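The following paragraphs walk through a model with the sequence and coordinates at hand, moving from the arrangement of the copies to the packing of helices and then to some details of the backbone.

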2 protein chains.
Amino acid sequence: MQGLMQDWPLTVDRILDHARDWHGGQEIVTRSIEGPIVRTTYAELHDRAKRLSGALKALGVQTGDRVATLAWNTARHMEAWYAIMGIGAVCHTLNPRLHPDQLCFIIGDAQDTVLFTDLTFLPVLRGYRDRMTSVKHVVVMTDEAGMAGVDLPGALCFETLVREGDPDVTWGDFPENTAAGLCYTSGTTGDPKGVLYSHRSNFLLTFITMARDAMGVSATDVVLPVVPMFHANAWGVAFSGPATGAKMVLPGARLDGASIYELLEAEGVTFSAAVPTVWQMLLGHLRETGARLSTLKRVVIGGAAVPEALLRAFEDEYGVQVTHAWGMTETSPLGTLARPTSATLRLDDAVQKQLALKQGRPPLGVDLKLVDDEGRRLPHDGETFGRLMIRGPAVSSAYFKGAGGAILDEEGFFDTGDVATIDPYGFMQITDRAKDVIKSGGEWISSIAIENLAAGHPKAALAAVIGVAHPKWDERPVLLVKLRPGESATKEEFLDFLAGKIAKWWTPDDVLFVDDIPLGATGKVDKKRLRADLADYVLPGVA
Amino acid sequence: MQGLMQDWPLTVDRILDHARDWHGGQEIVTRSIEGPIVRTTYAELHDRAKRLSGALKALGVQTGDRVATLAWNTARHMEAWYAIMGIGAVCHTLNPRLHPDQLCFIIGDAQDTVLFTDLTFLPVLRGYRDRMTSVKHVVVMTDEAGMAGVDLPGALCFETLVREGDPDVTWGDFPENTAAGLCYTSGTTGDPKGVLYSHRSNFLLTFITMARDAMGVSATDVVLPVVPMFHANAWGVAFSGPATGAKMVLPGARLDGASIYELLEAEGVTFSAAVPTVWQMLLGHLRETGARLSTLKRVVIGGAAVPEALLRAFEDEYGVQVTHAWGMTETSPLGTLARPTSATLRLDDAVQKQLALKQGRPPLGVDLKLVDDEGRRLPHDGETFGRLMIRGPAVSSAYFKGAGGAILDEEGFFDTGDVATIDPYGFMQITDRAKDVIKSGGEWISSIAIENLAAGHPKAALAAVIGVAHPKWDERPVLLVKLRPGESATKEEFLDFLAGKIAKWWTPDDVLFVDDIPLGATGKVDKKRLRADLADYVLPGVA
């Protein structure tokens with residue numbers, strides 16, 4: 001028997017319709033790429049996005065076509081998002097931090113037909129435009145005056161398209177599983193792979209983030225998403241802002257501490273979301289200038305583990321509630337948030353702080369499990385660690401064009417590639433990348449846990465732990481240490497330092513002192529290269 | 001092009017799975033029908049609900065079958081909900097306040113095959129069991145000891161079913177549009193009509209209510225739903241509680257001020273939801289005893305307009321945030337909530353208080369419009385009033401078995417039967433029932449607005465306004481007044497009292513002093529009967 005409720009497809013155009021209808025006068029403030037602060041409203045943004053949809057249709061964009069954006073967080077970028085998605089085209093957000101070669105690969109893989117770009121990226125486009133063969137039109141996100149300096153043949157002006165576009169375009173009116181967005185994973189191994197969001201997944205993500213225990217954005221909030229719209233849906237804020245009618249403050253290209261601080265104070269921001277480095281820069285600015293945060297109440301930090309000092313500084317010195325969150329491009333991205341429960345509120349304050357540093361617990365709409373190499377479920381005891389698997393309506397079922405093949409297990413879970421623990425309070429903590437975890441005698445050893453401890457040795461500048469083949473135990477850990485300038489040390493000094501802090505069988509079989517430890521593009525230890533470097537190394541005592 | 005996100009149907013069994021997996025130890029506290037306070041957890045409730053599903057299957061219940069509940073808010077009632085819905089049967093909640101004749105009609109219309117009942121309702125069942133011919137099994141929600149006093153042939157014991165039921169039952173695994181719940185509207189005219197909720201609509205309702213600006217329940221909340229599970233999904237609380245992992249406190253059959261107060265304080269309740277009369281009773285208790293509310297922070301009031309004195313008492317005297325909400329059985333029921341926006345926060349405090357008394361603004365997932373008799377949209381100026389129309393994924397598309405025929409307009413909106421205004425801040429206010437509004441010269445006059453004013457006259461005990469046929473103006477208002485004992489008054493006294501408070505053309509054409517004004521079952525003026533009583537009445541000046 002079917003229920004008798006209305007057919008109301010979850011398409012994201014309805015989110016902006018809602019903002020126009022119920023919060024039409026609410027402001028969206030942008031630090032424009034050209035420089036000045038510019039102000040618009042949800043009603044204006046809706047109207048302009050409709051006109052842009054009309055212009056895209058006039059340029060030949062059809063349902064299912066991919067339209068790329070290479071842009072910072074601005075109202076124009078939001079207009080482009082809704083203009084593209086509203087007509088059933090696919091908004092493909094490009095990460096400007098990628099190497100142009102990778103951008104060209106991704107654009108070609110996606111077969112983007114139109115590319116929106118900020119002025120910032122014209123130098124890249126001038127150099128690589130010829131290799132973007134699928135792209136028929138480049139739209140520069142500026143006005144006619146801004147076009148004067150644009151030296152790119154055939155480039156179109158965003159404001160001209162908006163002004164001349166036909167607003168009489170139908171939005172939505174297609175099934176909610178229609179593709180809405182495309183975002184490529186950074187791809188540490190192999191080519192980047194595309195994650196293809198649907199209207200349904202984006203809409204459900206919006207609901208999930210709106211819950212009080214998630215982002216909990218309110219119509220009385222002023223929201224500043226530092227987290228970029230070019231990556232993983234800006235954690236949903238470009239949807240939850242209009243969905244709730246919050247005022248939005250978009251920082252454009254300037255993400256340094258002083259610029260963010262200026263916007264926070266000038267616009268009365270109450271809620272923000274960003275990666276730890278942004279908060280670190282803001283904290284640096286606050287300490288340097290002695291400035292205070294007079295309106296900011298809550299921040300969500302994700303994208304990398306939150307350092308304890310950062311959390312304590314914001315909570316204790318500045319009175320800002322910090323929520324650590326975790327997710328991936330493949331999870332839209334919301335996975336977990338370290339929000340308290342009534343059980344954790346009864347714990348000692350110190351224990352609560354430790355829980356707040358974990359990646360946290362899943363909201364409704366996210367299922368997690370830990371499994372061993374054979375896919376068997378592991379206990380949530382806070383100690384056993386296993387592969388972290390995730391399932392939900394806003395989690396990938398496959399990559400674009402089937403890249404990477406089947407990616408779900410028989411229960412429909414996606415393998416995050418992370419190794420984690422889950423404690424009895426439901427708080428998940430990532431302990432390692434699956435490819436870096438050391439498998440010794442059928443048990444797993446966290447390379448990250450050991451190297452974090454070793455890095456705390458006063459003589460260590462940097463530390464890394466990798467697994468090396470062992471005939472009996474399969475793998476055993478080896479610690480690599482880069483000493484501080486002028487220091488010298490012995491293997492025993494480091495093993496003694498670790499003793500008592502880790503299980504005995506976790507103790508590295510060797511300590512190697514090296515001149516340097518290679519780092520990847522994101523500043524993390526490049527363990528793939530370390531393993532290659534040590535390909536011929538033999539453990540002590542192994543023939 | 002289809003998105004590549006997981007197929008994760010929105011079925012409500014996943015809500016209780018989530019509670020078991022992530023909040024398994026959280027408490028559900030019930031004031032049992034037998035008397036004592038009983039405690040369970042989400043993990044236990046999940047296990048018991050599964051066993052009950054097994055028992056229902058053993059009784060022959062199949063997907064699509066209707067299973068009725070005649071019960072108060074208890075953990076057992078929640079177990080029955082999830083047991084029924086989990087296997088794709090339809091949970092038909094019966095309102096025990098209905099006359100047994102109506103109950104028999106509704107049970108027959110729904111063709112319920114199993115009926116769960118609390119001990120409270122055994123007298124009704126003994127008298128009417130024979131007329132419930134579709135019902136094959138009556139399950140009494142008590143244990144074996146409680147069954148001793150049950151004088152109902154063939155009655156089954158809830159606890160026996162739970163103990164003996166096979167827990168190895170599959171939940172979900174059907175499309176999300178599958179019917180989940182059935183609830184009949186009270187039906188002021190004609191027979192009651194069934195509203196058939198789907199798993200999808202209940203799940204989306206849950207998300208809608210979880211938003212910070214809606215109910216905003218958190219895992220750190222202690223939630224006491226006074227609003228009954230037998231009516232309109234208990235405003236979603238039986239879903240949002242487990243969805244967030246909140247502690248739940250279920251009041252059973254005792255809803256008087258003293259009993260509710262005792263639970264609020266003993267269990268540390270932070271959030272509650274109820275109709276105004278319940279809050280009035282609680283307020284009476286507080287004032288009588290001088291007691292304070294030490295943990296309660298937020299309440300949602302709906303089901304009838306909130307009197308200003310009630311709102312002010314809770315907010316100003318007891319420091320409890322009051323949110324006025326509106327909805328209908330046909331809207332699952334969440335329609336609007338009078339929550340502030342950043343625009344309304346800038347208004348004078350007095351204006352904000354007035355806005356808080358309106359029915360409020362729709363969250364994402366609810367579309368509203370005002371239309372005139374020809375279906376044309378009317379402005380949101382706070383003055384123009386029109387028929388209130390509503391649309392959304394948790395709003396009815398038709399009644400059970402097609403009763404009442406087509407109920408949506410060409411844009412897919414459902415007619416609420418109410419007349420309302422919507423102000424420029426997006427706050428909707430119901431001004432009248434559509435059938436009671438007075439249509440005079442093509443314009444509408446609110447009968448409620450006039451009678452509320454007239455009731456404020458010191459000599460009035462009760463007032464009512466109805467429209468009476470007029471040859472030129474179609475209808476004109478007539479005021480009926482029941483005077484306080486011993487009082488006498490003239491027509492002019494009342495018209496003078498209204499002068500200046502309403503538009504001149506709203507002034508009643510006549511004032512009739514009557515001995516009594518008939519009230520309906522819910523305590524509202526029975527205008528249908530008044531109109532019938534005045535069928536032969538002729539307005540002054542009309543031939």
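In this predicted model, the two copies meet through the same surface, because 100% of the interface residues of chain B are also interface residues in chain A. The superposition of the chains points to how this comes about geometrically: chain B can be laid on chain A with an RMSD of 0.1 Å by a turn of 180° combined with a shift of 0.0 Å along the axis. That is the relation of a two-fold axis.

As for the extent of the interface, 76 residues of chain B are in contact with 76 residues of chain A, where contact means heavy atoms within 4.5 Å. Between them, chain B and chain A bury about 5900 Å², and 61% of this area lies on carbon and sulfur atoms. On the side of chain B, the residues that lose the most area to chain A are Gln6(B), Trp22(B) and Leu364(B), which together account for 16% of what that side buries.

Within chain B, the packing of helices can be followed from α1 onward. Helix α1 of chain B, residues 13–23, packs against helix α2 of chain B, residues 42–58, at an angle of about 140°, and their axes are 8 Å apart. The two helices α1(B) and α2(B) are therefore oblique to each other, since angles over 145 degrees would be needed for them to count as roughly antiparallel. In handedness, α1(B) passes α2(B) in a left-handed crossing. The residues that α1(B) brings to this contact are Leu16(B), Asp17(B), Ala19(B), Arg20(B) and His23(B), and they meet Tyr42(B), Ala43(B), Leu45(B), His46(B) and Ala49(B) of α2(B). Sorted by class, the residues of the contact of α1(B) with α2(B) comprise six nonpolar, two polar and two charged.

Helix α2(B) also packs against helix α3 of chain B, residues 75–86, with axes that come within 8 Å and cross at roughly 55°. Here too the helices α2(B) and α3(B) are therefore oblique to each other, but the crossing in which α2(B) passes α3(B) is right-handed. From α2(B) the contact draws on Leu45(B), Arg48(B), Ala49(B), Leu52(B), Ser53(B) and Leu56(B), while among the residues they meet in α3(B) are Ala75(B), Met78(B), Tyr82(B) and Ile84(B). By class, the contact of α2(B) with α3(B) has ten nonpolar, one polar and three charged residues. Leu45(B) and Ala49(B) take part in the contact of α2(B) with α1(B), and Leu45(B) and Ala49(B) also appear in the contact of α2(B) with α3(B).

Turning to chain A, the axes of helix α2, residues 42–58, and helix α3, residues 75–86, come within 8 Å and cross at roughly 55°. That makes α2(A) oblique to α3(A), and α2(A) passes α3(A) in a right-handed crossing. The contact includes Leu45(A), Arg48(A) and Leu52(A) of α2(A), together with Arg76(A), Glu79(A) and Ala83(A), among others, of α3(A). Its residues divide by class into ten nonpolar, one polar and three charged.

The backbone has some details in the loops that deserve inspection. In chain A, a cis peptide bond joins Ser332(A) and Pro333(A), with omega about 10°, and Pro333(A) has its place in the loop between β14 (321–327) and β15 (334–337) of chain A. In chain B, a cis peptide bond joins Ser332(B) and Pro333(B), with omega about 15°, and Pro333(B) lies in the loop between β14 (321–327) and β15 (334–337) of chain B. Another backbone detail concerns Trp235(A), a residue other than glycine whose phi is nonetheless positive, near 55°. Trp235(A) is found in the loop between β10 (222–225) and α9 (237–244) of chain A.

Technical notes: Residues numbered from 1 in each chain as written. Chains lettered and ligands numbered in written order. Predicted model: local features only at pLDDT ≥ 70, side-chain atom pairs only at ≥ 80, totals over all residues. Heavy atoms only, no water. Least-squares fit on C-alpha atoms with pLDDT ≥ 70 in both. Axes fitted to C-alpha atoms, helices over the stretch in contact; angles between N-to-C directions. Helix = DSSP H or I, 4+ residues; strand = E, 2+ residues; numbered from the N terminus. Parallel < 35°, antiparallel > 145°, perpendicular 65-115°, else oblique. Left-handed = near helix turned anticlockwise from the far one by under 90°. Nonpolar A, V, L, I, M, F, W, Y, C, P; charged D, E, K, R; others polar. Buried area = accessible area lost by both parts, 1.4 Å probe.
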